Amino acid sequence: MFVLVEMVDTVRIPPWQFERKLNDSIAEELNKKLANKVMYNVGLCICLFDITKLEDAYVFPGDGASHTKVHFRYVVFHPFLDEILIGKIKGCSPEGVHVSLGFFDDILIPPESLQQPAKFDEAEQVWVWEYETEEGAHDLYMDTGEEIRFRVVDESFVDTSPTGPSSAEAMSSSEELPKKEAPYTLVGSISEPGLGLLSWWTSS
């Protein structure tokens, strides 16, 4: 679920921080810049793990700050495909079951990846597994807040860097705001034995 990623960056330290230890200042600046940010094709940055190398620091004309090239390792949330995770159901919609890990919410289990047969209850706004037994079908509801075990089957990165408006957008009405896309999303599946709500598989 978490991986260490080697990175290189040039860190600017303002003059009023020169009295501090350089490593402490650099660590603070890196966490300010990266923590809780999604890096394209890398994952969700969590926190600095360690600094592996500091190159020479430079002060450029007209800028009293120091600039140091830093080699470091960062803890990143980036589960591998087929990894099994446990989260909580954040909600349900016709698009599927939305799952949260607490620190990461952009997880969707689409209808075709649920335990089958499944149906969406419009009144309750929940997905239901119609579990077949010898006595007939039992409805097992996927309620909000329930813990759910799922397999990661796909991921998607979207470049959300700011771009200038295209000529077509400029001519169209400015009233319509574009839908905000998540920079990093996971697609899960529970369509196999042992996956789904933890309460389904615990012995009574």
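Here is a short chat about a predicted model, covering burial, cysteines, salt bridges and a surface patch.

Colleague: Let's start with Ser-66: is this residue buried or exposed?
Modeller: Ser-66 sits in strand β4, which covers residues 66-77. Leaving aside neighbours within four places in sequence, Ser-66 is in contact with several residues, among them Val-11, Phe-18 and Tyr-58. Buried means under 20% relative accessible area, and Ser-66 comes in at 8%, so the word for Ser-66 is buried.

Colleague: How many disulfides does the count come to?
Modeller: A disulfide is a covalent bond between the sulfur atoms of two cysteines. To count here, the two sulfurs must be within 2.5 Å. By that rule, the count comes to 0.

Colleague: Then take Cys-45: which cysteine has the nearest sulfur, and how far away is that sulfur?
Modeller: Cys-45 counts as buried, at 1% relative accessibility. Cys-45 is in no disulfide, and the nearest cysteine sulfur, 10.0 Å away, is that of Cys-47.

Colleague: On to charges: what is the distance between the closest N and O atoms of Arg-20 and Glu-28?
Modeller: Side chains of opposite charge can pair when their charged atoms come close. Arg-20 is partly exposed at 35% relative accessible area, and Glu-28 counts as partly exposed too, at 31%. The two form a salt bridge, and their closest N and O atoms are apart by 3.0 Å.

Colleague: Which residue meets both Glu-28 and Glu-29 in salt bridges?
Modeller: Start with helix α1, residues 22-34, where Glu-28 has a partner 4 residues apart, about one turn of the helix. Glu-29 has a partner in helix α1 as well, 3 residues apart. The N to O distance is 3.6 Å for the Glu-28 bridge and 3.7 Å for the Glu-29 bridge. In both cases the partner is Lys-32.

Colleague: And which residues do salt bridges that share partners join into one network?
Modeller: Burial varies along the way: Glu-29 counts as buried at 18% relative accessibility, whereas Lys-32 is exposed at 54%. The Glu-29 and Lys-32 side chains meet in a salt bridge. Through shared partners, the network joins Arg-20, Glu-28, Glu-29 and Lys-32.

Colleague: Last one: what accessible area do Met-1, Phe-2 and Phe-103 have together?
Modeller: Met-1 is found in the segment before β1. Patch members need over 30% relative accessible area, and Met-1 is partly exposed at 31%. Met-1, Phe-2 and Phe-103 form a nonpolar patch on the surface, and together their accessible area is about 260 Å².

How values were computed. Residues numbered from 1 in each chain as written. Predicted model: local features only at pLDDT ≥ 70, side-chain atom pairs only at ≥ 80, totals over all residues. Heavy atoms only, no water. Helix = DSSP H or I, 4+ residues; strand = E, 2+ residues; numbered from the N terminus. Buried < 20%, exposed > 50% of the residue type's maximum accessible area, 1.4 Å probe, protein only. Contact = heavy atoms within 4.5 Å. Patch = residues over 30% accessible without salt bridge, like charges linked within 9 Å, V, L, I, M, F, W, Y side chains within 5 Å. Areas by Shrake-Rupley, 256 points an atom, 1.4 Å probe, with all protein chains shown as cover. Salt bridge = Lys/Arg side-chain N within 4 Å of Asp/Glu carboxyl O.
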